[in-house]
Amino acid sequence: MTIAGNVLVLLGSAFLVLGGLGLLRMPDVYNRLQAGTKATTLGAMSVLLGSAFLAPGLATKAVLVIVFIALANPISSSTIARSAYKAGIPLAPVSVRDDLKSKEAAE
Amino acid sequence: MRKLTGLLLMGGFVLYLVSLVPGLFNATTPTALDSVGAAIIEDSRTTSGSANVVTAIVVQYRGLDTLGEVTVLFVSALGVAILASGFRDDVFRSMFADDDGGFILQYGGRLLMPFIVLVGVYIVAHGHLSPGGGFPGGVLIATAVFILILTGQSARMPHRLLSILEGAAGLGFIGLGALGFLGSELSFLTNTLPKGEYLTLLSAGFIPFIYAMVGIKVASELTTVVSVLTEAPGHESGKEEGRS
């Protein structure tokens, strides 16, 4: 139990560190959202699952928070990306394709 | 002359800073509570019946300051509303009112909103048992309403109801405080209600009720602030149609 919990917490922290690194290194809002939401979703879930292993008394709350993160994080990140796109924030110059733009042009 | 005064002030400040330096090297970490902290921890269980000492301090030991805090929040909400009514362009309206937030937010927000309100009510109701209370819980409830505004339903915001709720909560706070005049101490904001059983939901006398009032007040005030900021002038309930 303790070993599994520690491994999960360590794994989650590693994902969170990578997410923070991605926020610094990625070129534009959309790429940063990838790092800032995908990595932290997995990282936070892993840390919570690990703490549920380490402290079984907290397991119910931890699972509830995991469910909430699984629902809320994608919604908020998609809303941020949508409003950034609508506000006209440009893609990084290195981007190669804009599916939404070509889709709207086709309609 | 002014330069001389400035120089003297600057010199005095530098001297003061230099005089603080020795303190950095022989600073010690306190190992015991100071007299006020120890006395409050000793006293709060019997006097307030609240398991959360922070809540006991906020609502009971310095209840008058909390009433002042709530008033400060009211004044700032009033200021935001007055400033926001001065916006003559439709920037905010085009950002919020004419956009439904997209499919994902529409349905995801509607799914999550009741649970966010539930957690907010929980935090308000358990202010005397666990960390939290009226202020964070009220903010959470207002956040849930903000999701509704993001999905483009701000036009349906019941402003009249919100202001009635807000005023009633303020009066409730003062009324609960006035119950203190019924007790033997005859003073405002004294906890005269029965304390109940320690660590249960209905305990700690008037503390949960005052926090409920604070929660209602904070939630309705912040809801008013965000809805006023996201509504364009002349957009509210059609009564100011004549103004361009």
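## Helices and an enclosed cavity in a predicted model

Read along the sequence, chain B of this predicted model shows the pattern α-α-α-α-α-α-α-α-α. The chain thus described holds nine helices and zero strands. Of the 244 residues in chain B, 34% are buried. Contacts in chain B between residues at least 6 apart in sequence include a share of 69% that join residues at least 24 apart.

Two helices, one from each of chains A and B, may be set side by side in a table.

| Helix | Residues | Number of residues | Span, first to last C-alpha | Expected span |
|---|---|---|---|---|
| α1(A) | 2-25 | 24 residues | 34 Å | 34 Å |
| α2(B) | 35-47 | 13 residues | 17 Å | 18 Å |

For α1(A), the reach of 34 Å is close to the expected value at 1.5 Å a residue. The 17 Å of α2(B) is likewise close to its expected 18 Å. Nevertheless, α2(B) has a kink of about 25 degrees, and this kink is centred on I41(B). After α2(B) comes G49(B), a residue with a positive phi near 75 degrees.

Attention now turns to the buried side chains and backbone of chain A. In α1(A), the buried residues are G5(A), L8(A), G12(A), G19(A) and G22(A). Their packing partner is α2 of chain A, which covers residues 29-54. An α-helix has 3.6 residues a turn, so residues three or four places apart point the same way.

The model also contains enclosed space. Rolling a probe the size of a water molecule over the atoms shows where empty space is left. The count comes to two cavities of 30 Å³ or more. The second largest cavity holds about 30 Å³ of space. Its lining is formed by L105(B), Q106(B), G109(B), R110(B), I147(B), L148(B) and T151(B). Two elements of chain B, α6 (102-125) and α7 (134-150), each give two or more residues to this lining. The greatest contribution comes from α6(B), with four residues. By residue class, the lining of the second largest cavity consists of three nonpolar residues, three polar residues and one charged residue.

In summary, chain B is a chain of nine helices without strands, and α6(B) is the element that gives the most to the lining of the second largest cavity. In chain A, the buried residues of α1(A) pack against α2 of the same chain.

Methods
Residues numbered from 1 in each chain as written. Chains lettered and ligands numbered in written order. Predicted model: local features only at pLDDT ≥ 70, side-chain atom pairs only at ≥ 80, totals over all residues. Heavy atoms only, no water. 1 Å grid on protein atoms, 1.4 Å probe; cavity = no way out; pocket = protein on both sides within 12 Å on 5 of 7 lines; lining within 4 Å. Points joined across faces, edges and corners; volume = space filled by probe spheres on them. Nonpolar A, V, L, I, M, F, W, Y, C, P; charged D, E, K, R; others polar. Expected span 1.5 Å × (residues − 1). Bend = angle between axes of the 7 residues up to and from the residue. Buried < 20%, exposed > 50% of the residue type's maximum accessible area, 1.4 Å probe, protein only. Contact = heavy atoms within 4.5 Å.
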